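Thanks for making time this morning. I would like to walk through one model with you, beginning with a sheet, going on to the helices beside it, and ending with a few backbone details.

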Amino acid sequence: MLVASVSTPSTSNKQRSTIKVGTRESQLAQLQTTIVTEAIKAQHPEIEVEVVFVTTRGDKTLDRPISALGTRGVFVKELEEALLAHEVDLVVHSLKDLPTDLPEGLCLASVLNRADPRDVLVSKNKTKFVDLPPGSKVATSSRRRAAQLRNIRHDLEFIDIRGNVPTRLRKHDEGVCDAMVLAAAGLIRLNLEDRITEFFDYERSTPAAGQGALAIECRSGDSEVLATVALIEDKSVRAEITSERAFLERLGGGCSVPIGAIAHLNDNGQLQLTGCVASIDGASIIRESSKGVAAEAEKVGIELANRLLELGARDLLDHLKQIPVTLSPP
């Protein structure tokens, strides 16, 4: 592990405390961690923050699709191990990477700063998705994105692509693919919004649960850290992701399953959740929406998942278990 110190001078006579923050080493992960550490220091200027870089299996294994690396979060396991070993006090995740079944002793302590949750297209000559020539290669590491977009364009070839955002963009520019689908949030946070050709609305590509949001995970018994990060939580985003993750958990989905969920909490406290389940070949998509209130966010997610199961999602999910790990249709 590499350690980078980010210190803030003490503003009181008390002994300064220190919080160790675990994160991945990618440019985007470091930027997201800076958002979190600056938010902490704004509330607690007396705290010293040490950033500890942790390399995950997903960062090391770039020659296979993410879905081939296992069902549990390939970008979080080593970070959680560092937490459990008391090597760090909290870790920062892209929330969409964080499984719903957290290890015993860990908790989702705080949620903040949700950027645009939509998926986007990056393409040569800014060619729109509908205008891509038949046979064009569209790169993505996500079964969810490929399945939904294959439903719209059966005549495109969806291929797997790995690496951080700058690496993927470089591969695109070198001709590995004609277009690629990414999360808007990453490009926006990296000031690469000019690379976006178009944003996909939720009816074309329903985002992953938690997409665009930042998550802080810590030990559930660490009351001091829990109290510290509670002050920087966005309660509206917490309500949204609670319904999304309840939907995902009820369906039993992970990052390799073509399940999408996106919620929006309006100013009147009304929560709207859209969820979908798709077959790998894109031939079948079940997409429905439900409404509720923030106080019942979990209930909204579970009830929408139950509705999709009744509409045939169970058969799609059962069939998915029999399909080899690939972005290509069977």
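Three strands form an open sheet in the order E12-E13-E14, with antiparallel pairing, where two strands are taken to pair if DSSP finds at least two bridges between them. E12 and E14 stand at the edges with a single partner strand each, so one side of each is left without a neighbour in the sheet. From one strand to the next the twist averages 15 degrees. Helices (H or I, at least four residues) and strands (E, at least two) are DSSP runs, numbered from the N terminus.

Before I go further, please keep in mind that this is a predicted model, in which local features need pLDDT of at least 70 and side-chain atom pairs count only at pLDDT 80 or more, while totals for chains, interfaces and linings use all residues. Residues are numbered from 1 along each chain as its sequence is written, and side-chain values use heavy atoms, with hydrogens and water left out.

Now to the pairing itself. Strand E12, residues 259-265, is joined to E13 by seven bridges, and within that pair histidine 264 has glutamine 272 as its bridge partner. The two strands form a hairpin with four residues between them, and in the turn glycine 269 has a positive phi of about 80 degrees. On the other side, nine bridges join E13 to strand E14, residues 285-293; here cysteine 276 stands opposite arginine 287, and leucine 273 stands opposite serine 290. That second hairpin has six residues between its strands, and glycine 282 takes a positive phi near 80 degrees.

How many of the nine residues of strand E13 are buried? Seven are, so E13, residues 270-278, is largely enclosed by the rest of the structure; buried means under 20% relative accessible area, exposed over 50%, and partly exposed in between, with a 1.4 Å probe and protein chains only.

Turning to the helices, H9 lies across E12, E13 and E14 and runs at about 165 degrees to E14. The axes of H8 (residues 235-251) and H9 (residues 297-320) come within 8 Å and cross at roughly 30 degrees; axes are lines fitted to C-alpha atoms, for helices over the stretch in contact, and angles run from 0 to 180 degrees between N-to-C directions. Among the residues that meet, with contact meaning heavy atoms within 4.5 Å, are Ala239, Phe247 and Leu251 in H8 and Ile302, Leu308 and Leu317 in H9. The residues of this contact divide into 11 nonpolar, four polar and three charged.

Elsewhere, in helix H7, residues 223-230, Val225, Thr228 and Val229 are buried. Seen down the axis of H7, its buried residues fall within an arc of 85 degrees, so they line one face of the helix. They pack against elements including strand E2 (18-23), helix H1 (27-43) and strand E11 (214-219).

Finally, two backbone points. Most residues other than glycine have a negative phi. Histidine 86, in the loop between helix H3 (77-84) and E4, nevertheless has a positive phi of about 60 degrees, and at 56% relative accessibility histidine 86 counts as exposed. Asparagine 125, in the loop between strand E6 (119-123) and strand E7 (137-139), has a positive phi near 60 degrees, and asparagine 125 counts as exposed at 77% relative accessibility.

Key:
Arc of directions from axis to C-beta. Nonpolar A, V, L, I, M, F, W, Y, C, P; charged D, E, K, R; others polar.
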